[in-house]
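Me: I would like a close look at one part of this structure. Please take it step by step, in short sentences.

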Amino acid sequence: MLRVGLTGGLGSGKSTVAAMLRDLGAHVVQADEVGRQLMQPGQAVFDQIVAHFGSDILAADGTLDRAKLSKIAFADGRVEELNTIVHPATIAAQAAWMAEIAAKEPNAVCVVESALLFESKHGDPRNRFDRIVLVYAPEELRIQRFLARQPGSTVEDARRRIAAQLSDFEKMQRSHFMIRNDGTLEDLRRQVVQLWAELQKAATPQ
Ligand code: ADP
């Protein structure tokens with residue numbers, strides 16, 4: 001089994017690459033989705049968040065009020081407190097997911113898609129993954145894509161989010177493969193097919 005971390009800045013095209021890899025036969029999970037599931041009532045992470053931030057962050061139906069939680073975490077500078085609860089559990093759940101697939105399919109390629117793979121202080125991705133793939137696109141193009149996808153958002157929103165992420169140069173230095181997504185979707189697909197061949201080779205014992 002090959003453990004692959006897939007990352008890229010906002011609007012780089014990493015979800016598009018993840019979908020292409022899934023079509024080619026990879027197992028794919030989104031780190032955000034794993035985190036969201038762990039934050040549901042009944043999960044230990046949910047209990048820890050409520051114990052730490054107080055029951056004010058609950059909605060009337062007893063689930064987390066994500067808008068309130070984000071406000072407390074981001075506006076009040078407490079995001080690292082939230083990450084300390086959520087990230088280790090998310091990383092453990094990803095590892096369990098990959099181990100479960102490997103037990104059934106020893107040559108599987110498992111891909112974890114995560115916007116903040118390098119930014120988290122919890123667990124160096126180079127220890128958690130056998131290969132790291134970066135999807136790169138120039139910033140101006142990423143902002144255009146972000147604005148097209150999220151009507152009502154502004155260039156400032158996009159720039160603020162981008163500023164919170166590590167620079168592309170630093171990400172390139174820490175990645176094994178880079179996909180350059182500044183052309184057409186067909187150009188992107190050609191690169192993903194090549195990448196898939198490399199990943200499959202690495203997943204299969206010689
Ligand atoms: P990310 O997951 O990195 O934020 P997405 O894969 O969601 O980025 O891509 C952002 C938007 O740009 C999506 O609407 C996607 O369809 C579009 N997109 C991505 N790559 C290309 C491309 N090469 N040509 C045209 N549109 C693209």
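Me: Which residues does Ser114 touch, not counting residues up to four places away in sequence? Please start there and then work through the surroundings.

Reply: This is a predicted model. Ser114 touches Leu6, Thr7, Gly8, Lys14 and Ala31, leaving aside residues up to four places away in sequence.

Where does Ser114 sit? Its place is the loop between β3 and α6. Ser114 has a relative accessibility of 12%. Buried means under 20%, so Ser114 counts as buried. Leu58 makes a useful contrast. Ser114 and Leu58 are 56 residues apart in sequence, and their C-alpha atoms are 26 Å apart in space.

Now look at β3 itself. The strand covers residues 109–113. It is mostly covered, with 5 of its 5 residues buried. Val109, Val111 and Glu113 point one way from β3. Cys110 and Val112 point the other way. Why this pattern? In a regular strand, side chains alternate between the two faces of the sheet. Here the residues on both sides of β3 are buried.

Next come the partners of β3. Strand β1, residues 2–8, runs parallel to β3, and 5 bridges join the two. One pairing to find is Gly5, whose bridge partner in β3 is Val112. Strand β2, residues 27–30, also pairs with β3 in the parallel sense, over 4 bridges. There, Val28 stands opposite Val111 of β3.

Follow β1 to another partner. β1 and β4 run parallel and are joined by 5 bridges. Gly8 has Val135 as its bridge partner in β4. Gly8 is also one of the residues that Ser114 touches. Strand β4 spans residues 131–136, and 5 of its 6 residues are buried, so the rest of the structure largely encloses it. From β4, go on to strand β5, residues 177–180. These two pair in the parallel sense over 4 bridges. Val135 turns up again here, with Ile179 as its bridge partner in β5.

Now the nonpolar cores. The largest has 27 residues. Ile49, Phe53, Leu64 and Leu69 have the most contacts inside it. β3 supplies at least two residues of this core, and so does each of the helices α2, α3, α4 and α5. Take Leu69 as an example. Leu69 touches Met39, Ile49, Phe53, Ile57, Leu64 and Leu82, again leaving out residues up to four places away in sequence. There is a second, separate core of 20 residues. Val28 and Ile179 are among its members, as are Trp196 and Ala203. You have met two of these already: Val28 stands opposite Val111 in β3, and Ile179 is the β5 partner of Val135.

Go back to the loop after β3. Ser120 is in the loop between β3 and α6, where Ser114 also lies. Ser120 is buried too, because its relative accessible area of 15% is under the 20% cut-off. Its side chain makes a polar contact of 2.7 Å with the side chain of His87. The side chain of Ser120 also reaches the backbone nitrogen of His122, at 3.0 Å. Thr84, in helix α5, is 36 residues from Ser120 along the chain, yet their C-alpha atoms are separated by 9.4 Å. Thr84 is partly exposed, with a relative accessible area of 44%.

Last, the ligand. There are 13 residues around it, and Lys14, Ser15, Thr16, Arg149 and Asn181 come nearest. Lys14 links this view to the start, being one of the residues that Ser114 touches. Three contacts are worth finding. A polar backbone atom of Gly9 is 3.5 Å from an oxygen atom of the ligand. A polar side-chain atom of Asn181 lies 2.8 Å from a nitrogen atom of the ligand. A backbone N or O atom of Gly183 lies 3.0 Å from a ligand nitrogen atom. On its own, the ligand has 570 Å² of accessible area, and the protein covers 75% of that.

To recap, Ser114 is a buried residue in the loop between β3 and α6. Its contacts include Gly8 and Lys14. Gly8 leads to Val135 in β4, and Lys14 leads to the ligand.

Definitions and conventions: Residues are numbered from 1 along each chain as its sequence is written. This is a predicted model: local features need pLDDT of at least 70, side-chain atom pairs count only at pLDDT 80 or more; totals for chains, interfaces and linings use all residues. Side-chain values use heavy atoms; hydrogens and water are left out. A nonpolar core is a set of buried Ala, Val, Leu, Ile, Met, Phe, Trp, Tyr and Cys residues joined through side-chain atoms within 4.5 Å. Buried means under 20% relative accessible area, exposed over 50%, partly exposed in between (1.4 Å probe, protein chains only). Contact means heavy atoms within 4.5 Å. A residue is near a molecule or strand if one of its heavy atoms lies within 4 Å of it. A polar contact is a pair of N or O atoms within 3.5 Å; within protein, one must be able to donate a hydrogen and the other to accept it, and residues adjacent in sequence count only if both atoms are side-chain atoms. Accessible areas come from the Shrake-Rupley method with a 1.4 Å probe; for residues, only the protein chains shown count as cover. Two strands pair if DSSP finds at least two bridges between them.
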